[in-house]
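Biologist: Before we discuss any detail, may I see the sequence and the model together?

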Amino acid sequence: NPALDIDEVSTMTAYTLESLNDREAIRDCLYLYCRGIDRLDEKALRAAYWPDATDSHGAYKGTAAGFIDMALVKLQQAGRMVHQISNVLIELHGNEAAVESYFTAYQEEKDANGQAIETMLCGRYVDRFEKRQGEWRVAARTVVYDWQKKSALNGPLTPESFELRQPTGGRQPNDAVYELLDRLRNSKGAV
């Protein structure tokens, strides 16, 4: 493996304004998915995928719309969730992009005995994004799992269990971010 020379490195990091905008739009879409799944925000989830997108998500393999429908029902019974994205690598190819994003997900669940447990999942979203009419969304997703840990919780993560750390996160529309968005979108001069 010969080392890269300085000309190759500078060529690889020379971004155009359009490519920077494309990369930022892809990141926003990834973050929108996390908000959607954590807040059970159907509109946000559907906005992250193209209507004809596919998703290979653990045991689920099919349309993204089918995954969203299943997740919204299943997760109504679940506790708190936090999904975080990092190490986003984006390779643009015209109106398509290969995107690898590392995720860490914490999920409050119940074990077979009904006891509260925390499941930590780490892995990667391996996505094919498509840009259609100027908008980037996921066209095909494969979720790759790299780490899993389950541990007991002392009890459910109710708002009271956070003691003075208030407010706590909630589901759409009962979360501070929706209050902020509503206030800004409905203020004078909002676009």
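**Reading the chain and its second helix**

Modeller: This is a predicted model. Among contacts in the chain between residues at least 6 apart in sequence, 56% join residues at least 24 apart.

Biologist: Which pattern does the chain follow along the sequence?

Modeller: The order is α-α-α-β-β-α-β-β-β-β-α, made up of five helices and six strands. The C-alpha atoms fill a box of roughly 60 × 50 × 35 Å along the principal axes.

Biologist: What share of the residues counts as buried?

Modeller: Of the 191 residues, 35% are buried, that is, under 20% relative accessible area. The chain exposes about 12200 Å², and carbon and sulfur atoms supply 53% of that area.

Biologist: How many charged side chains of each sign are there, and how far apart do the centres of the two sets lie?

Modeller: There are 23 positive and 29 negative side chains, with the two centres 5 Å apart.

Biologist: How should one read the span of helix H2?

Modeller: One compares the span with the value expected at 1.5 Å a residue. H2 covers residues 17-39, and its 23 residues reach 32 Å between the first and last C-alpha, close to the expected 33 Å.

Biologist: Which residues of H2 are buried?

Modeller: An α-helix has 3.6 residues a turn, so residues three or four places apart point the same way. In H2, the buried residues include Ser-19, Asp-22, Arg-23, Ile-26, Cys-29, Leu-30, Tyr-33, Cys-34 and Ile-37. Gly-36, Asp-38 and Arg-39 are also buried.

Biologist: What backbone feature comes just after H2?

Modeller: Leu-40 takes a positive phi of about 50 degrees there.

Definitions and conventions
Residues are numbered from 1 along each chain as its sequence is written. This is a predicted model: local features need pLDDT of at least 70, side-chain atom pairs count only at pLDDT 80 or more; totals for chains, interfaces and linings use all residues. Side-chain values use heavy atoms; hydrogens and water are left out. Helices (H or I, at least four residues) and strands (E, at least two) are DSSP runs, numbered from the N terminus. Buried means under 20% relative accessible area, exposed over 50%, partly exposed in between (1.4 Å probe, protein chains only). Contact means heavy atoms within 4.5 Å. Accessible areas come from the Shrake-Rupley method with a 1.4 Å probe; for residues, only the protein chains shown count as cover. Lys and Arg count as positive and Asp and Glu as negative; His and the chain ends are not counted. The place of a charge is taken as NZ of Lys, CZ of Arg, CG of Asp or CD of Glu. The expected span of a helix is 1.5 Å times one less than its number of residues.
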